[in-house]
Amino acid sequence: MRMRNRHARALLAGTTAAVLGLAGCDAQGGDGAGASGAPARQAKPSPTSLWDSSPDSVAAVGDSITRGFDACGILADCPEVSWATGSSAEVNSLAVRLLGAAKAVTHSWNHAETGARMADLPAQMVRAAAQKPQLVAVMAGANDACRQSTAAMTPVADFRAQFEEALRTLRRALPKTQVYVASVPNLKRLWSQGRTNALGKQVWKLGICPSMLGDADALDSAATLRRATVQKRVEAYNTVLKEVCAKDARCRFDGGAVYDFRFGTDQLSHWDWFHPSKDGQARLADMAYRNVTGKTS
């Protein structure tokens, strides 16, 4: 009887210690099991950003701004001064800043097209994806607002669908490639700056952004309403760019940096007083570089 009691007490003590030991593990966040046998919760690791601020190749898509249109001569592309991929030392493009001048020549590509609208972006993305770039720089949307009339502007819903399709096109080929999206410039501000130059206004009559620049000196109610309508559409486009980009973990919108930038006459082409000059392209490159290399989007 005495042996049995000692044995019982030892068994009870061992069981109690085991129970207390398990309770102690749980209290300290260990890997023990609860009463149900489910594993104890472990602290989740801190999320790691998917953004790489040092990509080793860059492709550009978009419209005439990214082609350097009217920056070197009248009514002509000048891709060497492109803010995104240009080789000009005066501009110090995004590609040059990220890759260095020598590497930028072989590891950057410009697929933008003068006159392109958002509907053209999916096809440009196909061409860009062929080079397998680690970063695609996007600036598109100005031509969707720059139409013959406000009625001809791209509807916001269509603009959204086209941009979503462009990103899907890229993602099907390159799921991990990063995308930098520049906002659509403030077209009304460009009109306000450029209309001070008589030569520029003559060039505008050749068909540059008629919805905003047509009848440049007109200040009547109809002209004011027309320009306000274009401006509102540009703002809606920028909202779309922001919202669609936010759904992609490897996409960064510029936060409205290009739209907010106050292009002065030094930053505008001295041929059409609307597109960025070399100095304007350099400012765009600086904004892009700061956004791409910054810690937050």
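The following exercises, each with a worked solution, concern a predicted model.

**Exercise 1. Helix H10**

Determine what span helix H10 reaches, which of its residues are buried, and which residue caps its N-terminal end.

Solution.
1. Helix H10 covers residues 221-246, which amounts to 26 residues.
2. At 1.5 Å a residue, a span of 38 Å is expected. From first to last C-alpha, H10 reaches 37 Å, close to that expectation.
3. The buried residues of H10 include Ala 223, Val 230, Val 234, Leu 241 and Val 244. Arg 226, Arg 227, Gln 231 and Asn 238 are also among the buried residues of this helix, as is Tyr 237.
4. The N-terminal cap of H10 is Asp 220, with a side-chain oxygen 3.0 Å from the backbone nitrogen of Ala 222.

**Exercise 2. The surroundings of Asp 144**

Establish which side chain of opposite charge is nearest to Asp 144, and which polar partners its side chain has.

Solution.
1. Asp 144 belongs to helix H5, residues 142-145.
2. Asp 144 is buried. The nearest side chain of opposite charge is that of Arg 117, at 5.3 Å.
3. A salt bridge requires a nitrogen-oxygen pair within 4 Å, and Asp 144 has no salt bridge.
4. Polar partners are nevertheless present. A polar atom of the Asp 144 side chain lies 2.9 Å from the backbone nitrogen of Met 118, and the side chains of Asp 144 and Thr 154 are joined by a polar contact of 2.6 Å.
5. Leaving aside residues up to four places away in sequence, Asp 144 touches Arg 117, Met 118, Met 153, Thr 154, Phe 159, Gln 162 and Tyr 237. Of these, Tyr 237 is one of the buried residues of H10.

**Exercise 3. Strand S4 and its neighbours**

Identify the strands that pair with S4 and state whether its two faces are covered or open.

Solution.
1. Strand S3 (residues 135-139) pairs with S4 in the parallel sense over four bridges. Val 138 has Val 181 of S4 as its bridge partner.
2. Strand S5 (residues 251-253) also runs parallel to S4, and three bridges join the two. Here Val 179 has Cys 251 of S5 as its bridge partner.
3. Side chains in a regular strand alternate between the two faces of the sheet.
4. In S4, residues 178-181, Gln 178 and Tyr 180 lie on one side, and Val 179 and Val 181 on the other. These residues are all buried, so both faces of S4 are covered.

**Exercise 4. Salt bridges between distant parts of the chain**

State how many salt bridges the structure holds, and locate the partners of Arg 171 and Asp 217.

Solution.
1. The structure holds twelve salt bridges.
2. One of them joins the side chains of Arg 171 and Asp 248 at 2.8 Å, N to O. Arg 171 is in helix H6 (residues 156-173) and Asp 248 in the loop between H10 and S5, 77 residues apart.
3. Both partners fall under the 20% cut-off for burial: Arg 171 has a relative accessibility of 18%, and Asp 248 one of 15%.
4. Asp 217 meets Arg 195 in a salt bridge of 3.8 Å. Arg 195 is in the loop between helices H7 and H8, whereas Asp 217 is in the loop between H9 and H10, 22 residues apart.
5. Asp 217 also meets Lys 201 in a salt bridge of 3.0 Å. Lys 201 is in helix H8, 16 residues from Asp 217.
6. Arg 195, at 24%, is partly exposed; Asp 217, at 47%, is partly exposed; Lys 201, at 19%, counts as buried.

Definitions and conventions:
Residues numbered from 1 in each chain as written. Predicted model: local features only at pLDDT ≥ 70, side-chain atom pairs only at ≥ 80, totals over all residues. Heavy atoms only, no water. Expected span 1.5 Å × (residues − 1). Buried < 20%, exposed > 50% of the residue type's maximum accessible area, 1.4 Å probe, protein only. Polar contact = N/O pair within 3.5 Å; in protein donor to acceptor, adjacent residues only side chain to side chain. Lys, Arg positive; Asp, Glu negative; His and termini not counted. Contact = heavy atoms within 4.5 Å. Pairing = 2+ DSSP bridges.
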